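Here are some notes to read alongside the structure, for anyone meeting it for the first time. Take them in any order you like.

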Amino acid sequence: MIYDSYEVKNNLLRFKLKKGAFIDEERLNKEQVFVYEKKDGKKKDKIKPVTVGTYENDIYEKNHVVLEINKQGTIGLPASGFICLDYRKDKINVERQLDALNILEKEDYQCSFNLKRIISGVEPPSVNVISKPIHMFNEKLDFPQRTAIKKALEADSIALIQGPPGTGKTNVIIEIILQILKANKRNPDAEPKKVLLVSQSHPAVDKMLEDLIRESDERPDLLRIGRDEKLNEEIREEYSINDVKEKWYQNVRRICNDYTKNALDEIGIPEEEFMELLLFLILKDYRFLPLQFHICVLPERYINLKPSSQFLSPQQSLIS
């Protein structure tokens, strides 16, 4: 958007756009950020986008559209020039797509088939035809959806499913995942197939996982990858890396404590007496525990336990 001039009123920047310029109001909301392009001082051939502020309003005054923006920080704007919606995130996505195309061109990828030849149409993707009927979890799926699911399950290399909004692609993806999990369960001796579910946005993945969890008879064994602040709260608390790590730690702790208790019961040594002796040996030589015992985690009730004086010589002291 080219502006002829601008003025500052309190924290509001008012840009008078060039005569004849109009704004597509459907694209604008108060969360959208505007930037202007500034030449990089060190690299004059490069342009650096600088944040102007967020959209507030646009009005028509004296044959000009006036764009009002909530100013962010201190900026040095030219008297007239060009501003636009913040394109930095879009630019990152475009750069990622170009990187992907470059990788495909150089065949710098690892898979058991020639992805470049298949995508280029030089050779067809290989398939394993399923002759038996597929019993769908979701009985409400229509014929095109069932056809897409069968195509994906038969694919030995790659399958592409395309559909406009509202055609039920989410239901198709959920059904494909459930069918893969069912096949893993039906063939326990075979190498289980793994599913990597990705999307351009975190909410899309979280919505898919919510649907998958709701449709699954058992708690799915899944791991949600992503920055915690970007994840749905319920999904984060149940399936994030930190949550899975904590569950693993607690499980190891429980197994070790159960093993210790069972072993002591078998040889008839009271647990408290054993823990006192163990603490004494640790204080005597910190290397003793990992070298001599298969004890992974000290139970919480013994964290503050101190060995009795019968285990300590006059030269030894406790570390508090």
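**Notes on the fold**

1. Let's start with a pair of helices. H4 and H5 cross in a right-handed way. Their axes sit 10 Å apart, and the packing angle is about 50 degrees. H5 covers residues 202-215. An angle of that kind falls outside the roughly parallel range (under 35 degrees) and the roughly perpendicular one (65 to 115), so H4 and H5 are oblique to each other. Keep in mind throughout that this is a predicted model.

2. H4 has another partner to look at. Helix H3 (residues 143-154) and helix H4 (residues 169-186) have axes that come within 10 Å and cross at roughly 45 degrees. That angle makes H3 oblique to H4. The H3 and H4 crossing is right-handed.

3. Next, helix H1, at residues 88-106. From first C-alpha to last, its 19 residues reach 27 Å, close to the 27 Å expected at 1.5 Å a residue. Just after H1 comes glutamate 107, with a positive phi near 55 degrees.

4. Now the strands. How many strands make up the closed barrel? There are six, running E1-E2-E5-E4-E3-E6, and the pairing is antiparallel. From one strand to the next, the twist averages 45 degrees.

5. Follow the barrel from E1 to E2 and you find an antiparallel pair with six bridges. Valine 8 has leucine 13 in E2 as its bridge partner. The two strands form a hairpin with two residues between them, and asparagine 10 there takes a positive phi near 55 degrees.

6. E2 also pairs with strand E5 (residues 64-71), in the antiparallel sense and over five bridges. Here lysine 16 stands opposite valine 66 in E5. Is E2 mostly covered or mostly open? Mostly covered: of its six residues, five are buried.

7. The aromatic side chains are worth a look too. The model has four aromatic pairs. One of them joins tyrosine 3 and phenylalanine 15 edge-to-face, at 4.9 Å centre to centre and with 70 degrees between the planes. This pair links distant parts of the chain, twelve residues apart: tyrosine 3 belongs to strand E1 (residues 2-9) and phenylalanine 15 to strand E2 (residues 12-17). Both tyrosine 3 and phenylalanine 15 are buried. Add Tyr6 to Tyr3 and Phe15 and you have one aromatic cluster.

8. Elsewhere in the barrel, strand E3 (residues 33-39) and strand E4 (residues 47-61) make an antiparallel pair over seven bridges. Two lysines face each other in this pairing: lysine 38 has lysine 48, in E4, as its bridge partner.

9. Finally, the loop between E4 and E5. Most residues other than glycine have a negative phi, so what are the phi values of lysine 62 and asparagine 63? Lysine 62 has a positive phi near 50 degrees, and asparagine 63 a positive one of about 65 degrees. Lysine 62 is found in this loop, and asparagine 63 lies there as well. Lysine 62 counts as exposed because its relative accessibility is 79%, with over 50% as the cut-off. Asparagine 63, at 47% relative accessibility, counts as partly exposed.

How values were computed
Residues numbered from 1 in each chain as written. Predicted model: local features only at pLDDT ≥ 70, side-chain atom pairs only at ≥ 80, totals over all residues. Heavy atoms only, no water. Pairing = 2+ DSSP bridges. Helix = DSSP H or I, 4+ residues; strand = E, 2+ residues; numbered from the N terminus. Axes fitted to C-alpha atoms, helices over the stretch in contact; angles between N-to-C directions. Phe/Tyr/Trp six-rings, centres within 6.5 Å; stacked < 30°, edge-to-face > 60°. Buried < 20%, exposed > 50% of the residue type's maximum accessible area, 1.4 Å probe, protein only. Expected span 1.5 Å × (residues − 1). Parallel < 35°, antiparallel > 145°, perpendicular 65-115°, else oblique. Left-handed = near helix turned anticlockwise from the far one by under 90°.
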